[in-house]
Amino acid sequence: MTVCFTTDRMLHFGDCDISGTAYYPAYLNILNGVVEEFWSHIGWPWHKIIWNERWGTPTVHLSCDFSKPSFFGDTLTFRLTILKVGKSSVRLNHTIHCGDEHRWSVEQVLAASWLDKHTSMPWPEEVKAKLESLMARPEPEHRPTEHRPVGGPT
């Protein structure tokens, strides 16, 4: 998959339980900060679209898989991939690593939403175009090489 945004976050004391292990609600709060940073990175910082344009990107679906625990002081690398852009939604994949070790992954769907009406809205054209330009391209289908006998005995 084509990663379109990467950032690091260190796990702080307040992100962990008494044993120093990352606490999953803190993980989700960190993930939300990563998504906010992504929107700033592509040119639509939340503080501007929320206050000036009155639209936002609430999460409408979230699925998490936790592979290994993370601990106080670990630096986690978040890799965001855009899987699909719809008329008013975007499906994201996040993979989170500590060094080379996979720690957790997330599939998330955000919806474009009018904040005053609390209804979905189509993406503004320039936003949709930017998201589509960053979307992961499908992997080419692997076709086995056809083997033909060459010049064998007759």
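This passage describes the fold, the nonpolar core, a surface patch and the salt bridges of one protein chain.

The model is a predicted one, in which local features need pLDDT of at least 70 and side-chain atom pairs count only at pLDDT 80 or more, while totals for chains, interfaces and linings use all residues. Residues are numbered from 1 along each chain as its sequence is written, and side-chain values use heavy atoms, with hydrogens and water left out.

The protein chain contains 3 helices and 8 strands; helices are DSSP runs of H or I with at least four residues, strands are runs of E with at least two, and both are numbered from the N terminus. Read from the N terminus on, the order of elements is β-α-α-β-β-β-β-β-β-β-α. Of the 154 residues in the chain, 38% are buried, where buried means under 20% relative accessible area, exposed means over 50%, and partly exposed lies in between (1.4 Å probe, protein chains only). Among contacts with a separation of 6 or more, 66% join residues 24 or more positions apart, a contact being heavy atoms within 4.5 Å. The chain exposes about 9700 Å², and carbon and sulfur atoms supply 54% of this area. Accessible areas come from the Shrake-Rupley method with a 1.4 Å probe, and for residues only the protein chains shown count as cover.

Turning to the interior, the largest nonpolar core has 34 residues, and the members that touch the most others are Phe-38, Trp-39, Ile-82, Trp-123 and Leu-131. Two or more residues of this core come from each of α1 (24–41), α2 (46–53), β4 (75–85), β5 (89–98), β6 (101–111) and α3 (125–134). Helix α1 gives the most, with 7 residues. A nonpolar core is here a set of buried Ala, Val, Leu, Ile, Met, Phe, Trp, Tyr and Cys residues joined through side-chain atoms within 4.5 Å. Leu-131 offers a good view of the packing: leaving aside residues up to four places away in sequence, Leu-131 touches Phe-38, Trp-39, Ile-42, Ile-82, Val-85, Val-90 and Trp-123.

A polar residue can be followed in the same way. Gln-108 sits in strand β6 and counts as buried because its relative accessibility is 4%. The side chain of Gln-108 makes a polar contact of 2.8 Å with the side chain of His-94. Such a contact is a pair of N or O atoms within 3.5 Å; within protein, one atom must be able to donate a hydrogen and the other to accept it, and residues adjacent in sequence count only if both atoms are side-chain atoms. Not counting residues up to four places away in sequence, the residues touched by Gln-108 include Leu-31, Val-35, Thr-59, His-61 and Leu-62, along with Val-90, Arg-91 and Leu-92.

On the surface, Tyr-23, Tyr-24 and Phe-66 make a nonpolar patch of about 360 Å². Patches are made of residues with over 30% relative accessible area and no salt bridge, with like charges joined within 9 Å and nonpolar side chains (Val, Leu, Ile, Met, Phe, Trp, Tyr) within 5 Å. Tyr-24, in helix α1, is exposed at 52% relative accessible area. Phe-66 belongs to strand β3 (residues 59–66) and is partly exposed at 44%. Tyr-24 and Phe-66 are 42 residues apart in sequence, with their C-alpha atoms 9.1 Å apart in space.

The structure holds 6 salt bridges, each a side-chain nitrogen of Lys or Arg within 4 Å of a carboxyl oxygen of Asp or Glu. One of them joins the side chains of Glu-101 and Lys-68 at 3.3 Å, N to O. This pair links distant parts of the chain, with Glu-101 in strand β6 and Lys-68 in the loop between β3 and β4, 33 residues apart. Glu-101 is partly exposed at 30%, and Lys-68 is partly exposed at 42%.

Asp-74 forms a salt bridge with Arg-103, with 2.9 Å between the closest N and O atoms. Here too distant parts of the chain are linked: Asp-74 is in the loop between β3 and β4, and Arg-103 is in strand β6, 29 residues apart. Both partners are buried, Asp-74 at 18% and Arg-103 at 7%. Glu-107 and Arg-91 meet through their side chains in a further salt bridge of 3.2 Å, N to O. Glu-107 lies in strand β6 and Arg-91 in strand β5, 16 residues apart. Glu-107 is partly exposed at 28%, as is Arg-91 at 30%. Through shared partners, salt bridges join Lys-68, Asp-74, Glu-101 and Arg-103 into one network.
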